[in-house]
Amino acid sequence: MKKYQIYEKMPAQINHAVSKAPTDVAEIAKDMGFEELYIYKTSNKYDFKSKLKRQFTYFKDWRSAYKSIENNSVLLLQHPFRTRQLGREKYLKKLKEKKSVKIISLIHDVEELRQSLFNDYYKEEFESMLNLADVIIVHNDSMLDFFVKKGFDKNKLVNLNIFDYLRKDYQPAVPEYSENITIAGNLDVKKATYLKDLNTIQNNFILYGPNYSLHDYKNCKYHGIVPTSEMPNKLKSGWGLIWDGTRVDTCNGPTGNYLQYNNPHKLSLYLSSNLPVIIWDKAAEARFVRDNKVGITVSSLRDISDKFNNIDELKYEEYAENAKKIGEKLSSGFYTKRALEKALIDVLN
């Protein structure tokens, strides 16, 4: 049985968290024998000539992929596809109908759950995936339940548990005990509005990422923009925070509520650095954090100080040792490999 994967190539592969997750999945799948078939996006320009060229290239690439894929093989797709692509649905349908190809779809985002980008295109893309996929790899049990409610066969859903974070430079060093809390990501207070109230929290924060504006906050120290590949080497002590929305006393709004369903890649970043984490107690991944004893859960950022009162250096080291066990797995692609192996079994049954 031949295995293939569709891999989208962008005009410039930017080194940030948005692109690392699908790139890591593609690399892990390639190591497992999934041959890469490329779909090229020729440019990000939106004048008529550029759009015409882009769609012509999409059609040509999908037609080429169709011709390359052998009968009775398996094809891995990563969803959602972010743009309309001429030929995509046509040739995926032909692969199933004419070549008896089985499709595994791995989910990165569900825009209906995230809401901020949800529109008619993403609704159509999602429905197309449900119709074409034979097995779907979802983030966690909460997202799995959502797909079951959408009518997808529970026996054809695979739980990823957490996104891997490949690191060739992984070191099994335990971080130093500290009560400093790291926040890595987009620091735009218009996007993550809760950030503007960090000065009302007793704890100290270290922040990495673009759009920083909290220069007057005495409990916040900004350490600049660091490439994704280098970020884990900066995280040597303290805790990593997974939080989103408009408030410090709960996670709310589209991005905050989305934590109830998704696997934040930020969690993978912290744990791949062996860093214990702090996560909203209603987040889907709060269960993963509790079960693996890699950090603490809180309902409000105001609760962190009380939690820290019960965590001495010895307890911190216990969390860090557990984080290290997970970090070793994340850096080698353990969870993606396991999910793909199960998907391959399910797709043939």
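**Leu-259**

I started with the contacts of Leu-259 in this predicted model. Setting aside neighbours within four places in sequence, I found Leu-259 in contact with Ile-242, Trp-243, Asp-244, Cys-251, Pro-264, Trp-280, Ala-283 and Ala-284. I placed Leu-259 in the loop between α7 (253-258) and α8. Is Leu-259 buried or exposed? Its relative accessibility is 6%, so I logged Leu-259 as buried, the cut-off being under 20%. I also checked Leu-259 against Arg-114. The two are 145 residues apart in sequence, yet their C-alpha atoms are 8.8 Å apart in space.

**Strand β10**

One contact of Leu-259 is Ile-242, so I turned to strand β10 (residues 237-242). I noted that 5 of its 6 residues are buried, so β10 is largely enclosed by the rest of the structure. I then looked up its partners. Strand β7 (residues 176-184) pairs with β10 in the parallel sense, over 3 bridges. Here I found Glu-176 opposite Ser-237 of β10. Strand β11 (residues 277-280) also pairs with β10 in the parallel sense, again over 3 bridges. Which residue of β11 is the bridge partner of Ile-242? I read off Ile-279.

**The sheet**

Next I traced the sheet that holds β10. I counted 6 strands in an open sheet, and the order reads β9-β8-β7-β10-β11-β12. The pairing is parallel. Which strands stand at the edges? They are β9 (220-222) and β12 (295-298). Each has a single partner strand, so one side of each is left without a neighbour in the sheet. I noted an average twist of 30 degrees from one strand to the next.

I then went to the β9 edge. Strand β8 (residues 205-208) pairs with β9 in the parallel sense over 3 bridges. I picked out one bridge there, in which Leu-207 has Tyr-222 of β9 as its partner.

**α8 against α11**

I moved on to helix packing. Helix α8 (residues 265-272) packs on helix α11 (residues 313-332) at an angle of about 110 degrees. Their axes are 8 Å apart. The range for roughly perpendicular is 65 to 115 degrees, and α8 and α11 are therefore roughly perpendicular to each other. I recorded the crossing of α8 and α11 as left-handed. Which residues meet? From α8 I listed Ser-268, Leu-271 and Ser-272; from α11, Ala-323, Ile-326, Gly-327 and Leu-330. By class I get 4 nonpolar, 3 polar and no charged residues in the contact of α8 with α11.

**α11 against α12**

I followed α11 to its contact with helix α12 (residues 334-347). The axes of α11 and α12 come within 5 Å and cross at roughly 65 degrees. On the α11 side I noted Ile-326, Lys-329, Leu-330 and Ser-332. They meet Phe-334, Tyr-335 and Lys-337 in α12. This contact of α11 with α12 has 4 nonpolar, 1 polar and 2 charged residues. I see Ile-326 and Leu-330 listed in the contact with α8 and again in the contact with α12.

**Backbone checks**

I then went through the backbone. Most residues other than glycine have a negative phi, and most peptide bonds are trans. I logged the exceptions below.

Which peptide bond is cis? I found one joining His-79 and Pro-80, with omega about 0 degrees. I placed Pro-80 in the loop between β3 (74-79) and α3 (88-99).

Ser-100 has a positive phi, near 55 degrees. I found Ser-100 in the loop between α3 and β4 (102-107). Its relative accessible area is 41%, and I logged Ser-100 as partly exposed.

Gln-115 also has a positive phi, near 75 degrees. I located Gln-115 in the loop between α4 (111-114) and α5 (120-132). Gln-115 counts as partly exposed too, at 44% relative accessibility.

**Lys-168**

My last entry is Lys-168, in the loop between β6 (157-159) and β7. Buried or exposed? With a relative accessible area of 84%, Lys-168 is exposed. I checked Lys-168 against Thr-250, 82 residues away along the chain. Their C-alpha atoms are separated by 36 Å.

Note on methods
Residues are numbered from 1 along each chain as its sequence is written. This is a predicted model: local features need pLDDT of at least 70, side-chain atom pairs count only at pLDDT 80 or more; totals for chains, interfaces and linings use all residues. Side-chain values use heavy atoms; hydrogens and water are left out. Axes are lines fitted to C-alpha atoms, for helices over the stretch in contact, and angles run from 0 to 180 degrees between N-to-C directions. Helices (H or I, at least four residues) and strands (E, at least two) are DSSP runs, numbered from the N terminus. Angles under 35 degrees count as roughly parallel, over 145 as roughly antiparallel, 65 to 115 as roughly perpendicular and the rest as oblique. A crossing is left-handed if the near helix is turned anticlockwise from the far one by less than a right angle, and right-handed if clockwise. Contact means heavy atoms within 4.5 Å. Ala, Val, Leu, Ile, Met, Phe, Trp, Tyr, Cys and Pro count as nonpolar, Asp, Glu, Lys and Arg as charged, and the others, Gly among them, as polar. Two strands pair if DSSP finds at least two bridges between them. Buried means under 20% relative accessible area, exposed over 50%, partly exposed in between (1.4 Å probe, protein chains only).
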